[in-house]
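These are my notebook entries from going through one structure, written down in the order in which I looked things up.

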Amino acid sequence: MRLKDLFKDVADIDEKFSNLEIKDIKINDKKIEEGDIFVALRGSNFNGNDYIKSALDRGAAFVISDQIYGEKILKVDNARSCYAKICKNFFGRCCDQLKIVAITGTNGKTTIANITGELLKFAGLKVGIIGTLGAKIGDEIIDTGLTTPDPYMLHSLFKSIKEKGCDYVVMEASAHALSLSKLDGIKFDIGVLTNITEDHLDFFENMDSYAAAKFKLFEKDRCKTALICKDDLYGKLFLAECQIPAYSYSIKEKADITSSQIVKSFEGSEFDCEFLANKGHFKINLAGEYNVANALATIAICKLLNVEDEKIVKGLASLNPVEGRFNIIRLKNSNVVIDYAHTPDGLEKVLKTAKEIGKDSKVVAIFGCGGNRDKQKRPIMGKIASSNADFVILTSDNPRLENPYQIIDDIKVGIDKKCLVIEDRSKAIEYALSHFNNGETIVIAGKGAEKYQDRGGIKYPYNDFDEVYKFCTKNYLTDFTDKIQE
């Protein structure tokens, strides 16, 4: 691709370089090949500008920097934004040819993205889904490694989605991606805000800066229509400040889309829904009031995309739970819930839901907190577990480069009752399944569908579901397999 085409609608290029042929875009100087363009990005622990000479020595045809001028170096105000926009051009501006729905928020993004994508498929539309569980294009699943992929991968996915005949994309938009300008240059048809509760304060200065990053999704030049949950303070603030057409949804108060007559069980939920002047009755295979809120968002998205009411009703009733999101394994003498909840709000919702729909059964909580991440939430999550579970087992999540016992000690600060510490997550699960088999609900929180555990910076194969399966097989509980909600 010629340099002038790569920079279309991005920046002005010196005419003497305009017809320069660019082979590829790289952000790692060690991967540079002859004819590539090198983008010098800066992060908290690195500065790509330190490697410009290395990139040029390796054959880079051109360089983008936010610090340095030079013969073949274009200095821009925001290298990350420039990177996102040239990736868009490099992959044929395919995002402009797709209807894209983006969901942001602390919790609920993955559930809404996946059930919306699957419901649109049920309605006969061709859809790509991008998020925490990877990218789904038809029957193909691609591991992206991040909730919102980096621009190069993201725009390559848009190209693949378009080439496979899809017209729609439903994706998760993380606060990090928005803050780091990864989504610059994309125009979203619908932007959704689920909620904003404490998370990622290791990266963001405070809750207001975290919220401000998410609010970027709803800027005039970035999004056409907003759909915002008004069940928390930030949702209300966003609705008041939003400068684009906006709809609200709520399970608690008056909004454009609301629910009533909610009936909850381990099998799922039923509720009445009112969207503007339209009313309907819905069933979903998702447990808990918070999943009713997620369903309201999905209903609203589909209505805004002109999906027929009948297909929305039938589609929601037919959808399976999202992997790793309140998945229920019914054992002979207990219920096991596996959920990704790794924030204070997420853990509280899962434990309260387990308590509520389990009626008189005791709730056992098994969880830890991630290492090298927001430390402030650890004692908060300890307090939440202490208040909402009858028995707490503290274990490891992804300790990463931290001492796992220090993480557990941080959590214990918030716990005001006796708890059990079993650092080895496999043994913690085995202990719970061995000792709580009298009708209890065992909640295994924090990792959900993850297929690894990060210890010492190495990702070892690990999965909570596998640990439950192994225990059941070992103890001849073989009839559990046909009772799992997948």
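**Entry 1: helix H11.** I began with the burial pattern in H11, where I found Pro-344, Asp-345, Gly-346, Leu-347, Val-350, Leu-351, Thr-353, Ala-354 and Ile-357 buried. I then looked up what covers these buried residues, and the list includes strand E13 (257-265), helix H9 (289-304), strand E17 (335-339), strand E18 (363-367), helix H12 (377-388) and strand E21 (441-445). As a check on geometry I took the 14 residues of H11 (residues 344-357) at 1.5 Å a residue, which should span 20 Å, and the end C-alpha atoms are indeed 20 Å apart, so the two values agree. Just after H11, I noted that Lys-359 takes a positive phi of about 55°.

**Entry 2: confidence.** I am working with a predicted model, and I therefore looked up its pLDDT, which averages 94 over the chain, with 98% of the residues scoring at least 70. I marked residues 478-486 separately, since pLDDT stays under 50 there, although the model has 21 contacts beyond four places in sequence for this stretch.

**Entry 3: the six-stranded sheet.** I traced an open sheet of six strands with mixed pairing, in the order E16-E17-E21-E18-E19-E20. Strand E16 (327-330) and strand E20 (420-421) stand at its edges, and because each has a single partner strand, one side of each is left without a neighbour in the sheet. Within the sheet, E17 and E21 pair in the parallel sense over five bridges, and I looked up one position, Val-336, whose bridge partner in E21 is Ile-442. H12 packs on this sheet, touching E18 and strand E19 (391-394), and its direction makes about 160° with that of E18. I also followed helix H14 (residues 425-435), which lies across E17, E18, E19, E20 and E21 and runs at about 170° to E21.

**Entry 4: the 11-stranded sheet.** I then turned to an open sheet of 11 strands, again with mixed pairing, in the order E8-E7-E6-E9-E5-E10-E11-E12-E13-E14-E15. Strand E8 (140-142) and strand E15 (278-284) are the edge strands, each with a single partner strand, so one side of each has no neighbour in the sheet. Direction ignored, neighbouring strands here are turned by 15° against each other on average. E13 and strand E14 (residues 268-275) pair in the antiparallel sense over seven bridges, and Val-263 stands opposite Glu-270 in E14.

**Entry 5: nonpolar cores.** Which residues of the largest nonpolar core touch the most other members? Of its 40 residues, I found these to be Val-192, Tyr-249 and Phe-271, while the largest share of the core, nine residues, comes from H9. Apart from this core lies another of 38 residues, among them Leu-98, Ala-135, Ile-137 and Phe-204. Leaving aside neighbours within four places in sequence, the contacts of Phe-271 include Ser-259, Ile-262, Phe-282, Val-292 and Ile-299.

**Entry 6: two single residues.** Is Ser-18 buried or exposed? Ser-18 has 10% relative accessibility, and because the cut-off for buried is under 20%, I count Ser-18 as buried. Ser-18 sits in the loop between helix H1 (3-6) and strand E1 (25-26), and beyond four places in sequence it touches Arg-2, Leu-3, Lys-4 and Ile-13. Arg-455, in strand E22 (residues 452-455), counts as partly exposed at 27% relative accessibility.

Methods
Residues numbered from 1 in each chain as written. Predicted model: local features only at pLDDT ≥ 70, side-chain atom pairs only at ≥ 80, totals over all residues. Heavy atoms only, no water. Helix = DSSP H or I, 4+ residues; strand = E, 2+ residues; numbered from the N terminus. Buried < 20%, exposed > 50% of the residue type's maximum accessible area, 1.4 Å probe, protein only. Contact = heavy atoms within 4.5 Å. Expected span 1.5 Å × (residues − 1). pLDDT = per-residue confidence, 0-100. Core = buried A, V, L, I, M, F, W, Y, C linked by side-chain atoms within 4.5 Å. Pairing = 2+ DSSP bridges. Axes fitted to C-alpha atoms, helices over the stretch in contact; angles between N-to-C directions.
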